[in-house]
Amino acid sequence: MTKKIALIALFLCALFASFASAAPLPAKGKGHVYDGGGMFPSGQLQALEQAAAAGSPYAYYIVTLESLGASEPDAYAEALYDAWKLRADDVLILLAKQERRVQLYFVNPPLQRKLDALPDDYAGSGYAGRPAIDRFVGGTFIPLAKEGDYAGGVLKLIAAAQLLPEPAEETSPGTAPNAGGPPSAGEPAALPAASPGSDAAPGQPGAPDSDAPPREPETPANRTGLAAALLAGAAAAAAAVWLVLYLLRRSRHARLVCEADAIAVELFRAQELLRPLVGLYSGPATDATLTPVAGALDARAASAQELLRTLGASRPRFFTGGGRRAMDAADSAADHLRAEAGELCKQAEHLVELDRRNGREVSETQRELSSLAAMADELASANGMTLARIKQEIAENAAQAEVIRKRQVTDLIDAGELLKPHRATAALHASLLERLPAFLAQRAQLPDDIAQARTRIEGELRAERLELTEFDPFARLEEASSRLAPFADAIAAGDLREAAVQSEAMTDAIEGARQMVRDRVALRNGLAADLETLERFAGSFSFGEPMYREELGKLQSQFDEAVWGFMPDAFRTAMDAFRELEAGLAPLREAFGTQRYAAARPQADRLLALSERAAEAAESCLKARERALARTEALIAKLEDERQAYESAASQAAAHRLPEAGDGADGAIQAELRDADRLLTPPDIRPDAAEQRLHRLSSRVAAYAQDVQRRIQEKQAAERRMRELGSRYASVHARTRHRSLPGHFDAACQARINEADRMFALGMYVGAIEQMNEAERQLQRMQSAYEDILREEQRQEEERRRHEEFHRQSSAHHGGHHGGGHHGGSSGGDSFDKPRGSSGGDNW
């Protein structure tokens with residue numbers, strides 16, 4: 001019994017393993033090439049796609065996979081062929097990279113016959129006696145595939161398939177092809193022919209009905225056997241399900257054991273990393289960082305061991321079910337423990353790296369400070385100086401760094417972070433020591449630089465004829481001179497920080513003195529240019545009261561006050577600004593002449609603004625008439641456009657003989673035109689009012705033109721509908737006038753037509769069309785009534801003929817009743833399956 005259960009378990013395991021490891025079927029794309037295995041170079045994909053999709057005489061689908069898994073090549077190829085719903089003219093070429101396998105599959109007996117006709121030595125003696133597809137693949141694809149040219153092999157295979165010759169027909173009279181021999185692979189075997197005169201039963205070709213064996217009657221014994229078979233099948237199914245559940249429990253238990261063991265190993269490694277640090281360090285920093293992590297690692301390691309013991313004591317048994325809750329609890333504990341272990345391991349690695357980094361940081365800092373002290377001693381000796389101040393600072397910085405080093409030996413601190421300010425101080429000291437030669441040179445050179453700057457500034461002042469008004473560059477030079485002694489004292493005392501401050505201050509003072517002269521020259525030149533501009537404007541400003549009166553009179557003679565009403569204020573603005581400008585020119589000239597350039601700059605800016613104001617106000621007065629005339633011309637042109645648009649629409653209405661609209665649009669538009677003409681005619685032109693009137697006129701003209709077009713279309717539609725209705729009425733009336741129709745359709749239709757004529761004459765075209773539509777409905781009722789009469793007459797005629805035929809047959813038929821034999825019908829059929837495909841291939 002145990003052996004049978006083991007065999008069943010092995011069978012089910014193999015079955016499930018094959019399902020689990022079977023390669024999935026790729027989805028069919030738009031193209032003919034699916035390179036899932038990455039076996040084709042990108043440069044050859046287009047050539048493969050063109051060759052595969054040519055479709056003459058076959059279309060090819062090329063699929064590459066990384067691996068087939070546990071799938072058989074022919075079964076996988078057939079499943080893919082069916083999943084992609086390929087047709088008889090399609091050939092599937094499957095390449096498996098890991099298995100080094102090529103497989104062809106198709107459902108095409110003519111293609112199989114072509115391959116069967118290939119000679120036995122088509123691919124060489126090594127393929128002699130093998131199936132036709134194998135020989136074909138071995139002679140085309142395999143040689144190039146062995147060289148790694150898979151794309152070339154596929155192209156060669158496709159080209160060879162296109163050139164396959166038709167097989168020779170070896171038949172004799174009365175014999176079908178392939179008679180006497182086995183059918184080709186992929187071609188169904190021929191059914192034996194039925195004997196003459198025999199009837200084939202459905203599903204049994206060639207067997208007469210009389211020879212079919214009778215069906216065995218169902219007995220109680222048969223029913224008992226069937227029940228036993230069903231019970232046995234149910235028991236086997238239950239055992240299989242139980243076995244599957246047991247295997248799943250075993251698999252889950254094994255996975256949890258592996259995970260718990262891996263967690264325990266990971267925690268042990270973290271403990272080993274921290275063990276040297278725990279025995280080495282103690283202190284506040286250690287208590288805050290290292291000690292909690294080490295304790296947490298110990299606790300989690302104990303939890304992992306406890307989980308392993310729990311899993312070892314709860315192994316799944318085959319004949320005992322349950323345990324799901326315990327397994328779920330163990331799974332949850334493993335997940336929680338895995339997350340905590342990962343975080344603790346990261347913290348342990350960080351602490352170990354911190355210990356290593358501390359050693360590097362302390363060593364590098366000590367090396368930098370030692371090098372810095374040596375550099376200070378060397379510079380002091382070389383220049384005959386003590387450099388006491390900076391040496392003291394270097395020593396103090398080194399002492400503070402030493403405190404951190406000693407603390408780092410016993411406590412796990414972040415030495416790198418604590419040493420950052422000390423390393424920055426050391427970098428500053430190094431920079432100051434490197435600048436010491438420059439300080440010494442500057443101490444010797446600065447008096448000469450100050451003297452040279454003084455001489456140069458004096459020369460520039462004479463050349464530019466500048467006086468020391470509002471500025472004094474020599475004061476900055478004096479400031480530089482006053483810093484020479486403190487600079488020298490700082491160097492002598494070794495206070496290089498103070499020396500750097502004094503050096504930068506002296507350099508800025510000398511450069512500032514030189515820049516003051518350049519700025520003064522630029523200020524003077526700018527003022528000179530602005531003063532020239534103002535004097536030129538004052539001399540050329542000719543706008544005055546006579547010119548203003550002349551322009552104002554021209555505007556008043558043609559335009560309304562709304563056009564020229566702004567001019568008095570603009571004239572006063574221009575004249576006030578110009579008078580203020582003239583009054584300010586004299587003080588500006590005086591300030592410029594006495595070189596009070598800083599005081600003159602705001603005055604010049606104010607006068608420039610006044611000149612712009614005066615020019616704008618004067619221009620607005622002088623250009624007012626020109627702008628008003630241009631605007632008037634534009635309005636007149638727009639008025640003429642609207643007049644032409646109205647006259648064009650009115651001409652179309654007259655041409656189509658449209659009655660005048662009842663809303664009075666024509667009169668309103670003509671009144672608007674007259675008002676616009678009046679507003680644009682001297683001596684009282686009012687452009688603003690004319691523009692508003694034209695805007696309203698434009699809307700009315702556009703609406704009038706649209707109304708005219710709409711009415712023209714409605715009239716044309718009504719005329720066309722009237723002609724159609726007249727023709728329709730004449731036709732229906734001609735057919736029905738000799739019949740007596742129920743109702744008063746004709747009178748009602750004629751009344752609707754008369755009403756439509758009346759509305760058409762009044763210009764109510766839409767209403768006329770509605771009346772004609774109602775008249776059309778009356779005509780349809782007339783036509784329906786007429787057709788009902790015709791159908792009734794036809795029915796009565798057919799009834800009369802049936803009665804006459806019945807009486808004729810009754811009088812002529814007095815003989816005996818003659819019967820005929822009953823002949824049974826023939827029935828037959830057959831069942832069919834999916835055509836069997838052709839499959840074959842080889843390994844390269």
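**View 1. The largest cavity of the predicted model.** Its volume is about 50 Å³. The lining consists of Tyr-60, Val-91, Leu-104, Phe-106, Leu-111, Leu-115, Phe-136, Leu-157, Ala-161 and Leu-164. By class, 10 of these lining residues are nonpolar, with no polar and no charged ones. Three elements each contribute at least two residues to the lining: strand E4 (101–106), helix H4 (109–116) and helix H7 (150–162). The count of cavities of 30 Å³ or more comes to 2, and View 2 turns to the second largest.

**View 2. The second largest cavity, with a volume of about 30 Å³.** Ala-453, Arg-456, Ile-457, Glu-460, Arg-514 and Arg-518 line the second largest cavity. At least two lining residues come from each of helix H13 (415–464) and helix H16 (496–540). H13 gives the most, with 4 residues. The lining divides into 2 nonpolar, no polar and 4 charged residues. Compare the largest cavity, where the lining has 10 nonpolar and no charged residues.

**View 3. Helix H17 packed against helix H19.** H17 spans residues 545–558 and H19 spans residues 567–593. Their axes lie 11 Å apart, at an angle of about 165°. Angles over 145 degrees count as roughly antiparallel, so H17 is roughly antiparallel to H19. The crossing of the two helices is right-handed. From H17, the contact uses Glu-545, Tyr-548, Glu-551, Leu-552 and Leu-555. From H19, Met-567, Pro-568 and Phe-571 take part. The contact residues divide into 6 nonpolar, no polar and 2 charged. Glu-545 and Glu-551, both on H17, are the charged pair.

**View 4. Helix H21 crossing helix H23.** H21 covers residues 624–655, and H23 covers residues 687–736. The axes come within 9 Å and cross at roughly 20°. Angles under 35 degrees count as roughly parallel, so H21 and H23 are roughly parallel to each other. Their crossing is left-handed. In the contact of H21 with H23, 16 residues are nonpolar, 4 polar and 5 charged. The H17 and H19 crossing of View 3, by contrast, is right-handed, and its contact includes no polar residues.

**View 5. A cis peptide bond between two prolines, Pro-682 and Pro-683.** Most peptide bonds are trans. The bond from Pro-682 to Pro-683 is cis, with omega near 5°. Pro-683 sits in the loop between helix H22 (665–679) and H23. H23 is the helix that crosses H21 in View 4.

**View 6. Lys-85, a residue with positive phi.** Most residues other than glycine have a negative phi. Lys-85 is not a glycine, yet its phi is positive, at about 55°. Lys-85 is placed in the loop between helix H3 (73–83) and strand E3 (90–96). Val-91, one of the residues lining the largest cavity in View 1, falls within the residue range of E3.

Definitions and conventions
Residues numbered from 1 in each chain as written. Predicted model: local features only at pLDDT ≥ 70, side-chain atom pairs only at ≥ 80, totals over all residues. Heavy atoms only, no water. Axes fitted to C-alpha atoms, helices over the stretch in contact; angles between N-to-C directions. Parallel < 35°, antiparallel > 145°, perpendicular 65-115°, else oblique. Left-handed = near helix turned anticlockwise from the far one by under 90°. Contact = heavy atoms within 4.5 Å. 1 Å grid on protein atoms, 1.4 Å probe; cavity = no way out; pocket = protein on both sides within 12 Å on 5 of 7 lines; lining within 4 Å. Points joined across faces, edges and corners; volume = space filled by probe spheres on them.
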